[in-house]
Amino acid sequence: MSTLKLQPRRRHLAAAITIALTSAFIAIAVLAVGFLGDAVRAQMTEPVAGASAVAQPAYSSDTNPAAFTPEALGKVEGADGAFYMSTGLVAIALDEGETGQENPLKSKGTFVQVNPVRPGAGADFIEGREPSAENEVAVDSTYAKKRDLTIGSTLAVQSLDTGETLEFTVSGINRPLLSQVLNPGGRLTFSNAGIDLIIGAGSDSEQQSFSMYPIAVVAKPGVSEEQLVANLESAGYDSAITVTKYLEETASISLVIMALLSTVLLAFVLIAIATSALVVTNSFAVTMAQRRRSFALARALGASRRQAMWAIVRDALLVGVVGALAGVVLAYLAWWGILLLGRATYTEALPLIPGFNILAVLVPLVSSLILAVCASVFPALGAMRVKPLEALRPAEVASGKHASLIRTIFSAAVVTFGIVLILGSFAVAIALDDNEYAPLISMLLAFVGSITVLLGVIGVLPALIPPFAKAGNAIASALGLTSARFALLNAARHPKRTGITMSALIIGTTLMATMAAGAVTAEKTLIREVTDRFPVDSIIAATDMPAGFLDKVKGTPGVGEAREVPAADLMIGGASEEMTTFAPTADDIKAVATSDQIELPQPGEIILGKDRAQKFKVSDGQVITITGEDGSSHELKVRVSGRLAISLINPDTLHGLGVREGKAVFAKFADPNSPERANTSIFDVIVSVGELSEQLPPDTVMMVKLEGAQREIMSTVIQTLLTITVVLLAVAVVVALVGVANTLSLSVIERSSEYALMRALGTSKGAIRAMLLWEGAFIASIGSLIGAVLGCLFGILGVRSLLVGDFAFYPAVPWLYLIVIVVAGLIAGILASILPGLRASAAAPAQALARRDE
């Protein structure tokens, strides 16, 4: 049996490519997790490298506390020196020509890690030496190249502790540390005396004896960690612990980080494996069906059922091993390229050559073997059921089975059950409104329901393909597209195979569309939540607003518009604090509001949101009394509107209350993509506007809110996560497209005699290529369209399931993403048809007929 050519190797090429891509993705994921794990651990261990004990700063009520400085701790019995730990030590390396602003956060420069000189650190120097004087600094090679620094260069550094700008001379250039992968700004190494200057220690007598940063203590040879800690405690440093204990305490943080990262990557790996399983299963099933007569002949010649099954499993193992090894090699080459690109554009802390990780070989290999063997189970069982008498029948392809009625009914029932689960998630959200577990239960129901619907749709695909093809055939007939008609008829002849191919593509596109719809819905909902609560980006209110303050706000880089409105603090009913109330006009709201849901109060009315009404113990329609400074009483009607977190009143009404009025400046930030925001980040705007508010006398400030920053930060974070997710999910789509190409290639093989007959009847090569092109476009476009629709629904419903309780929901359809997904699927389907089309049109008619059963 092993000598019979029952499974031509070339028919497994698509399966091998699929497994190779999946293995490469798994290997890269393992390499990335391992490398980032090393970087996280390095960030935990490098601050205490060479030390035996760690002393944390602790305030003491003693009149003469022990001096908490490296010099003092280094003199304790058993200590051989001490140094500042780099944890939390950050400064700003100013750009060339920059002198530093009064507020360091506004200075132009780079946030850099302040690193102390450690024992044995001299080995890390490429040139020069470690800093010894207080005005010397060593820089890492990445930052040195970025700033064109050499030995003897001058570098200006601004302290975040004191705001003082200091100048240092470069004494050496060292190699970047692995931890800098997570902190690529740069690493500056100083002596203890240099760090004292940066943190302001020594500027007065109190700071000379106390540091707010932890200090690592080095033990003399022969002194254990426990003995050193005991000596430190005896000297008055009760917060001292051993380095071993310190690392045990910080290890939990790295474990949590790596667990989260591993879980996320595992989810994407499982998605890729699931998609690959469909493609590989389809490949083995089709080739098995095409060679069914050959298996029957082998059985007639004496081969056992076990031998027939082993022929399939043997090829599956071979494909799994070859694909896995090819994938691992591809992964290491890709990872090497990523590291080289990172060293050139990111930081030289990245290694020049990737290290060997045995898990990056074993995990893809084992996963690929399991994938290949599992994918061959049903084809192998089919090989066992082949009867010897089938060898006497004509050589017909048995892969074009139509969907069974039982399967269609069962799949439709699965879809219905999934819809019920999704609707149940909404019912749970309503019924368990105040339950703390309601969001979790609702989310789980929606998730399971969405997966169930997706599986049901995949199951019912074979029943849907014929009507889809029939509808497309009618359109092609009306347009006179003969090649398209033949292509759709071919696709409908094998609905199960076409359905499996589509399902792989549907999984990838559904997940991409789910993430896109979920992201834009979450973004719109969260942003509307912020804008409905605070309908302006910035509010600065004071009882005594300085003249010209409005012009300063308007002139702040990044501020688009600002208006000055009346404001007052009103004492409402039984509230324990005054309510700050604003009186903007309709023109003010139109100019600076970020929400179109603001209702302006009528005369004699005050508007506030539900949460604010509960805080001040008022209700909708309630009439409250305000007492003016002259003792007069005035009635106001309360109107509760949405989630507004500020109080609004009519300007004329406020002026007539007889209370002390102040002023408030409402500001709207410029659009991030507008010229007004060129080279101005949201953090720059926050710092600038915050500085202006700090210029006001503290006793006059009524309110300072900078809620507009939340909108931009949330939008940036969501879009970044969406981009990363879509890139990772693209692997599943690429695998699915390999399946499309495989289906078309197998179609060419099994219909070679048909193509030969068409060529003999005068059909041109271009027409045959067009048939394959239309078939690939049909499979890819329908699969992408179904995936886009399902994903959009799942994404929107998923976000809704999380919003339990009194939470506004604003669904959004990511039209651009959906169009890109469908168009990309169409283009990819066309590209996948090129090679099969060339092969179908290349062979001469007589040759193709002769090789019908190759």
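# Exercises: sheets, helices and a ring pair

An open sheet of 4 strands is ordered S2-S10-S1-S11, and its pairing is antiparallel. The model is predicted.

**Exercise 1.** Which strands are the edge strands of this sheet?

*Solution.* Start from the order S2-S10-S1-S11. Look for strands that pair on one side only. These are strand S2 (79-84) and strand S11 (241-242).

**Exercise 2.** How many bridges join strand S1 to strand S10, and which residue of S10 stands opposite Ala53?

*Solution.* Strand S1 covers residues 53-55, and strand S10 covers residues 215-219. The two run antiparallel, joined by 3 bridges. Now find Ala53: opposite this residue, in S10, stands Val217.

**Exercise 3.** Describe the sheet of 9 strands: what is its order, and what kind of pairing does it have?

*Solution.* Strands pair through backbone hydrogen bonds, in a parallel or an antiparallel way. Here the order is S16-S17-S15-S18-S14-S13-S19-S12-S20. The sheet is open and the pairing is mixed. Next, take the edges. Strand S16 (623-627) and strand S20 (701-705) each have a single partner strand, so one side of each has no neighbour in the sheet. Last, the twist: from one strand to the next it averages 30°.

**Exercise 4.** In what sense do strands S13 and S19 pair, and over how many bridges?

*Solution.* Locate S13 at residues 559-570 and S19 at residues 662-669. They pair in the antiparallel sense, over 8 bridges. For one position, take Ala567: its bridge partner in S19 is Gly662.

**Exercise 5.** Why are helices H9 and H11 described as they are: roughly parallel or roughly antiparallel?

*Solution.* Two packed helices are described by the angle between their axes and the distance between the axes. H9 spans residues 305-345 and H11 spans residues 377-384. Their axes come within 8 Å and cross at roughly 150°. Angles over 145 degrees count as roughly antiparallel. H9 and H11 are therefore roughly antiparallel to each other. The crossing is right-handed. From H9, the contact uses Arg305, Ala308, Met309, Ile312 and Val313. From H11, it uses Pro379, Ala380, Ala383 and Met384. By class, these residues are 8 nonpolar, no polar and 1 charged.

**Exercise 6.** How do H9 and H10 pack: at what angle, and with their axes how far apart?

*Solution.* H10 covers residues 359-375. H9 and H10 pack at about 150°, with axes 8 Å apart. H9 passes H10 in a right-handed crossing. Among the residues that meet are Gly320, Val321 and Tyr332 in H9 and Pro364, Leu365 and Ser368 in H10. The contact has 13 nonpolar, 2 polar and no charged residues.

**Exercise 7.** At what angle do the axes of H1 and H10 cross, and is the crossing left-handed or right-handed?

*Solution.* The axes of H1 and H10 come within 9 Å and cross at roughly 145°. The crossing is right-handed. H1 contributes Ile19, Ser23, Ile26, Ala27, Val30 and Leu31. The H10 side includes Leu359, Val363 and Ser367. The classes are 11 nonpolar, 3 polar and no charged.

**Exercise 8.** Classify the ring pair Phe35 and Trp335: stacked or edge-to-face?

*Solution.* The whole structure holds 4 aromatic pairs. For Phe35 and Trp335, the ring centres are 6.1 Å apart and the planes stand at 70°, so the pair is edge-to-face. Now place the residues. Phe35 lies in helix H1 (residues 13-45) and Trp335 in helix H9. They are 300 residues apart, so the pair links distant parts of the chain.

Methods: Residues are numbered from 1 along each chain as its sequence is written. This is a predicted model: local features need pLDDT of at least 70, side-chain atom pairs count only at pLDDT 80 or more; totals for chains, interfaces and linings use all residues. Side-chain values use heavy atoms; hydrogens and water are left out. Two strands pair if DSSP finds at least two bridges between them. Axes are lines fitted to C-alpha atoms, for helices over the stretch in contact, and angles run from 0 to 180 degrees between N-to-C directions. Angles under 35 degrees count as roughly parallel, over 145 as roughly antiparallel, 65 to 115 as roughly perpendicular and the rest as oblique. A crossing is left-handed if the near helix is turned anticlockwise from the far one by less than a right angle, and right-handed if clockwise. Contact means heavy atoms within 4.5 Å. Ala, Val, Leu, Ile, Met, Phe, Trp, Tyr, Cys and Pro count as nonpolar, Asp, Glu, Lys and Arg as charged, and the others, Gly among them, as polar. Rings of Phe, Tyr and Trp (its six-membered ring) pair if their centres lie within 6.5 Å; planes under 30 degrees apart count as stacked, over 60 as edge-to-face and the rest as tilted.
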